[in-house]
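I opened this one with a fresh page and a cup of tea. Here is what I looked up, in the order I went.

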Amino acid sequence: MTTSPTGVRPEPASFRDPANRVFHVGDEVLRGLNAQAAEHWRTLAASPFFPTLVSAGKVCATEDAPPTMVPATTGTPWAAVLRHERIPFVSHPYEWSFGMLRDAALLHLEILRTALADGFTTKDGSAYNLQWRGAKPVFIDIGSFEPIRDGEPWAGYRQFCQTVLYPLLLTAHLGVDFQPWLRAQVDGIEADQLRPLFGGTRRLRPGVLTHLHLHGAMQQRNAAASTSDVKAQLRAAGYSRDLQAATVRGIEKLVRRLEHRPSGSHWTDYQRTCGYSARDRVAKEQFVVGAVAAAARPRLVLDLGANDGRYARLAAGHADYVVAVEQDPAVVDELYRALRSEGQQRILPLVVDLADPSPGGGWRGVERAGFAQRASADVVLALALVHHLAIGRNVPLPEVVDWLAGLTAPGGAVVVEFVHPDDPMATRLLANKPEGLFPDYRRDTFERLVEARGRITDRLELPSGTRTLYRAVMGG
Amino acid sequence: MIHLAYLDAGSGSLIVQAVVGGVAGAAVAAKLYWRRLVDRFRRQPTDQR
């Protein structure tokens, strides 16, 4: 990522539509618009639907800013510059659970349907058009709105299928997690990649015959035809705005029918089976609250291995925003549905395997920033996590501590639980490994490693005597 | 596999939206294919000249 001498940093994910570009200046998020995009923006801002969507929190808040705030990238100065509301933590669709992708899809379709009624459309249909405020999705790609041209179908349909609908079909109909597929391909899943998995009677599942098989076949048959020719042919054949609206309603109806509720995994029941006594739990909760509230109110707390979100919720009482990270998509989905029903807008649940976190993706590997590039928290919670990495995943203990320090903003704190080697959970993990494999997995070694990278301010041994909690200020 | 660029709606993806658009959509698609067919026959005598 490059920063110009004036402190203006172009957003690496915003280059595909040359009509506009997003920049970061300090904490501000700005968007430069070319002449045509600026004209579209003025019509959009004056439309009845746009301010309604913004005030409902469905589209990110946007206002005009001085055009001189961002430099021109092509020699021609931007015709207009917009200032956007800042999203507290940027996430990618492959870090969302099924319910999150589904709700994001429904919001995208609702926005498109509302826009169509007022003569606007969106020029793309990407899952990346959406972000989150806690458990509430928000549409961020203001540059995607443009006036509708009569007689043309939705230009974003193919992209919507690839980045939203196909991933949902994969999970809803086959029970296969979509996250690794989306993570591997920034443009989403191609119809031809998915079609072989939907043979036989699976063709008859909702949405499969039309949006997948027919769509894939049509793409092949019309590969040589230009889109401008096809648009002219459709216009001549009488394709109308009403038809586009009907298609969008049809996709909305289909997405509402797609559901996935997996049966409980090892982790969905973890809080009940993880072996804490009631006294341990009370002591741990008090320690965590005290540790989060110890210094100035944190802007961002990362809860690593959040499970059912118990500690993320406690932290949210004393922080602006909490990102609750968990590796099991089913657990994240449960947490998301609970947070959504509570109307929670300050806790964002994400699917991330901490031993294999989201890497950088897309163009030059920076278009979609990796998890480590985005994560810089004032407080990092690592509760009942270190033993899973150090014993379960064989990550050397010094590396685990280095990694925790790396996720912490300068002067920030780590709240970490060390499970002693004689704890029942640690013993269970150790029993699966060759004997004597982790001689350094000891409490004194761990403390020494933490003190080499920060200052332990508080410590508490839980009443059961096999787990110790620490609060350490890193780099301090 | 067809790799289509960003902001390229894709020709097949445009037509399939007519097909999935209920009876009215199917009628548009049928009209489009009919016109393509008629155009092909109209063009052929010219090509043979």
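Before starting on the helices, I noted the cut-off I need: an angle over 145 degrees counts as roughly antiparallel. I also kept in mind that this is a predicted model.

**Entry: a helix pair in chain A**
I looked up how α3 (residues 98–117) and α9 (residues 241–257) of chain A meet. Their axes come within 10 Å and cross at roughly 160 degrees. I therefore put down α3(A) and α9(A) as roughly antiparallel to each other. The crossing of α3(A) past α9(A) is left-handed. On the α3(A) side I found A:L106, A:L109 and A:R113 among the contacting residues, and on the α9(A) side A:V248, A:R249 and A:E252 are included. Sorted by class, this helix contact holds nine nonpolar, one polar and five charged residues.

**Entry: the sheet in chain A**
Next I traced the open sheet of five strands, whose order is β1-β2-β3-β5-β4 with antiparallel pairing. β1 (8–10) and β4 (62–65) of chain A are the edges, each pairing on one side only. From one strand to the next, I get an average twist of 35 degrees. Zooming in on one edge, I see four bridges between β4(A) and β5 (residues 80–84) of chain A. One thing I checked by residue: A:D64 has A:L82 in β5(A) as its bridge partner.

**Entry: where the chains touch**
Last, I turned to the contact between the chains, which takes 36 residues from chain A and 26 residues from chain B. On the chain B side, α1 (11–19) and α2 (22–48) each supply at least two residues. The largest share there, nine residues, is from α1(B). I sorted this side of chain B into 15 nonpolar, eight polar and three charged residues.

Notes
Residues are numbered from 1 along each chain as its sequence is written. Chains are lettered from A and ligands numbered from 1 in the order in which they are written. This is a predicted model: local features need pLDDT of at least 70, side-chain atom pairs count only at pLDDT 80 or more; totals for chains, interfaces and linings use all residues. Two residues are in contact if their C-beta atoms, placed from the backbone, lie within 7 Å. Ala, Val, Leu, Ile, Met, Phe, Trp, Tyr, Cys and Pro count as nonpolar, Asp, Glu, Lys and Arg as charged, and the others, Gly among them, as polar. Axes are lines fitted to C-alpha atoms, for helices over the stretch in contact, and angles run from 0 to 180 degrees between N-to-C directions. Angles under 35 degrees count as roughly parallel, over 145 as roughly antiparallel, 65 to 115 as roughly perpendicular and the rest as oblique. A crossing is left-handed if the near helix is turned anticlockwise from the far one by less than a right angle, and right-handed if clockwise. Two strands pair if DSSP finds at least two bridges between them.
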